[in-house]
Structure formats: C-alpha cells, structure tokens
Amino acid sequence: QGSVSRPGNPDLKPERVTSYDASLEWYFAKDGSLTIDFYHKDIADLIDSRPYSITETVPTVGVVRFDGTAVTNVTSGYVKGFEISGQKFFDFLPGALSGLGVAANYTLADSDAGTVASQTIGGAAFAVPLVNLSKNSYNLMVLYDKYGWNARVAYNWRSDYLDSVNETGAVSLQIYFKAYASLDASVSFDLNEHVSFTI
C-alpha cells in the first residue's frame with residue numbers, strides 16, 4: 001500500500017455562495033459601541049480535498065493500492081453563526097488614564113462540509129466541518145491612545161479545528177489541531193505628524 005496526491009482537478013466547478021446577513025449596531029458613546037451580526041452562508045459545489053484509492057500493478061511487486069487525496073467538489077455545505085463585539089474608552093477617568101480602553105469580540109461559526117468515508121475503518125462515514133475553521137473564537141484587548149502614545153495588548157483564542165480529511169499516517173482518519181491561544185502587543189509613539197516609532 002502506498003500514498004499519492006493529485007494536485008489539481010480540471011473538472012472543478014466554481015463555488016457558489018448564497019449569503020444572508022443581519023446586524024444590529026449600538027453606538028452608545030463617541031468612543032463606545034456594541035454590535036452583533038448573524039449570518040448564514042449556503043455553499044454549492046464546495047471545493048475541498050477528499051480521499052480516494054486506486055490500484056496499480058507494479059512490476060516485480062504485484063497489485064498495490066494507493067490511498068491519497070484529490071481536490072474535488074462537494075455537493076453542498078454551509079457556515080452559520082453570529083459575531084458579537086464591543087469597544088469602550090474610559091474617557092471619564094482623569095488625566096492620562098482617560099486614554100485607556102477595552103475591546104472584545106466572540107465568533108460562533110458552525111459549519112458543514114458533508115461527509116468523508118474512512119478508507120480503513122470499514123468505510124464508515126464521518127461528518128466534517130470546513131477545513132481550518134474553528135467553531136468558537138474570541139479576542140480580548142486592552143487599548144491606550146493618549147498624548148501621542150498608542151498601545152494594544154491582545155489575547156486571542158480559537159477552539160480546535162479540522163486540518164485534513166485524510167492522513168495516511170493516521171489510518172486515513174481526520175486530523176484536528178488542538179485549541180490554542182496567543183498573546184501579542186504593540187506600542188507606538190507619534191513624534192510628530194510625519195514620524196512615529198513602533199515596537
């Protein structure tokens with residue numbers, strides 16, 4: 001048994017998406033807002049990778065089965081969910097503290113990319129979401145903007161997500177990446193209207 005990858009497919013159809021969106025926005029201050037957006041996207045002829053098998057007769061070896069993946073069209077799929085976000089600066093605080101602010105957002109993305117039949121576990125079919133899309137994610141940020149200083153510290157988190165629908169090294173089962181978080185920060189100072197320094 002071997003493995004093979006088919007890099008392209010000239011018979012691919014273009015993806016077609018019908019999208020529905022509705023949003024509510026509340027600007028309760030000049031520097032404060034709260035928004036929520038609901039969405040539903042129906043995807044026809046979704047382009048994705050799917051497993052397949054072929055058999056070839058190899059000289060001096062015999063009949064060999066090759067398992068691999070190919071880019072193909074999936075009949076239908078969807079992404080649906082909502083996003084909520086908010087931001088507020090504490091301009092009511094005295095002096096330099098009035099430049100402090102916070103921002104946060106959360107996204108729910110429920111998706112469906114059809115089913116994939118395992119090549120090794122009796123052909124059992126597994127429902128799979130869209131590749132590289134976490135169902136849950138959020139960001140928390142602390143902001144500062146005052147006296148030419150601008151700073152941002154952000155904590156970002158995403159839930160586990162599908163990386164591949166077919167891995168030969170994992171008996172042709174789906175591979176998921178674990179949930180993970182990251183922390184990043186930046187600070188800048190505007191020396192004048194033409195020059196700024198950023199770390």
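At 25% relative accessibility, Phe82 counts as partly exposed. The model is predicted, and Phe82 is a useful way into it.

**The Phe82 ring pair**

Phe82 lies in strand β4 and its partner Phe38 in strand β3, so the pair ties together parts that are 44 residues apart in sequence. Phe38 is partly exposed too, with a relative accessibility of 42%. How are the two rings set against each other? A pair of aromatic rings is described by the distance of the centres and the angle of the planes. For Phe38 and Phe82 the centres are 6.2 Å apart and the planes stand at 45°, so the pair is tilted. Ring pairs also bring in Tyr106, which forms a cluster with Phe38 and Phe82. Across the whole structure, a search finds eight aromatic pairs.

**A second pair, on β8 and β9**

Another of the aromatic pairs joins Tyr138 and Trp157. This one is stacked, at 5.4 Å centre to centre and 25° between the planes. Tyr138 sits in strand β8 and Trp157 in strand β9. They are 19 residues apart, and the pair links distant parts of the chain. Tyr138 has a relative accessible area of 26%, so Tyr138 is partly exposed. Trp157 is partly exposed as well, at 26% relative accessibility.

**Overall fold**

The secondary structure comes to 13 strands and zero helices. Read along the sequence, the pattern is β-β-β-β-β-β-β-β-β-β-β-β-β. The protein has 199 residues, and 26% of them count as buried. Its accessible surface comes to about 12,400 Å². Carbon and sulfur atoms hold 59% of that surface. Contacts reach far along the chain. Of those with a separation of 6 or more, 61% are between residues 24 or more positions apart.

**The cores**

Which residues make up the largest nonpolar core? There are twelve: Tyr39, Ile43, Leu46, Val74, Val79, Ala109, Ala113, Val116, Val128, Leu130, Leu162 and Val165. Three elements give two or more residues to this core: β3 (32-58), β4 (62-89) and β10 (161-167). The largest share, three residues, comes from β3. Apart from this core lies another, of five residues. Phe89, Ala103, Met141 and Ala154 are among them.

Val74 belongs to the largest core. Leaving aside neighbours within four places in sequence, Val74 is in contact with Asp45, Leu46, Asp48, Arg50 and Ala113. Of these partners, Leu46 and Ala113 are core members with Val74.

**A nonpolar surface patch**

Val102, Leu140, Val142, Val153, Tyr155 and Leu183 make a nonpolar patch of about 510 Å² on the surface. Strands β8 (136-146) and β9 (149-158) each give two or more residues to the patch. Val153 is one of its members and lies in strand β9. Is Val153 buried, exposed or partly exposed? At 40% relative accessibility, Val153 counts as partly exposed.

**Two loop residues with positive phi**

Two residues have a positive phi although neither is a glycine. The table sets out their angles.

| Residue | Phi |
|---|---|
| Thr60 | about 65° |
| Asn132 | about 70° |

Thr60 is found in the loop between β3 and β4. With a relative accessibility of 87%, Thr60 counts as exposed, because the cut-off is over 50%. Asn132 is found in the loop between β7 (125-127) and β8. Asn132 counts as partly exposed, at 47% relative accessibility.

**Arg158 and its surroundings**

Arg158 takes its place in strand β9. Its relative accessible area is 21%, so Arg158 is partly exposed; buried would mean under 20%. Which residues does Arg158 contact, leaving aside neighbours within four places in sequence? They are Asn132, Leu133, Ser134, Asn136, Ser137, Ala179 and Tyr180. Asn132, the loop residue with the positive phi, is thus one of the contacts of Arg158. Lys135 is 23 residues away from Arg158 along the chain. The C-alpha atoms of Arg158 and Lys135 are separated by 7.9 Å.

Technical notes. Residues are numbered from 1 along each chain as its sequence is written. This is a predicted model: local features need pLDDT of at least 70, side-chain atom pairs count only at pLDDT 80 or more; totals for chains, interfaces and linings use all residues. Side-chain values use heavy atoms; hydrogens and water are left out. A nonpolar core is a set of buried Ala, Val, Leu, Ile, Met, Phe, Trp, Tyr and Cys residues joined through side-chain atoms within 4.5 Å. Buried means under 20% relative accessible area, exposed over 50%, partly exposed in between (1.4 Å probe, protein chains only). Helices (H or I, at least four residues) and strands (E, at least two) are DSSP runs, numbered from the N terminus. Contact means heavy atoms within 4.5 Å. Patches are made of residues with over 30% relative accessible area and no salt bridge: like charges are joined within 9 Å, nonpolar side chains (Val, Leu, Ile, Met, Phe, Trp, Tyr) within 5 Å. Accessible areas come from the Shrake-Rupley method with a 1.4 Å probe; for residues, only the protein chains shown count as cover. A salt bridge is a side-chain nitrogen of Lys or Arg within 4 Å of a carboxyl oxygen of Asp or Glu. Rings of Phe, Tyr and Trp (its six-membered ring) pair if their centres lie within 6.5 Å; planes under 30 degrees apart count as stacked, over 60 as edge-to-face and the rest as tilted.
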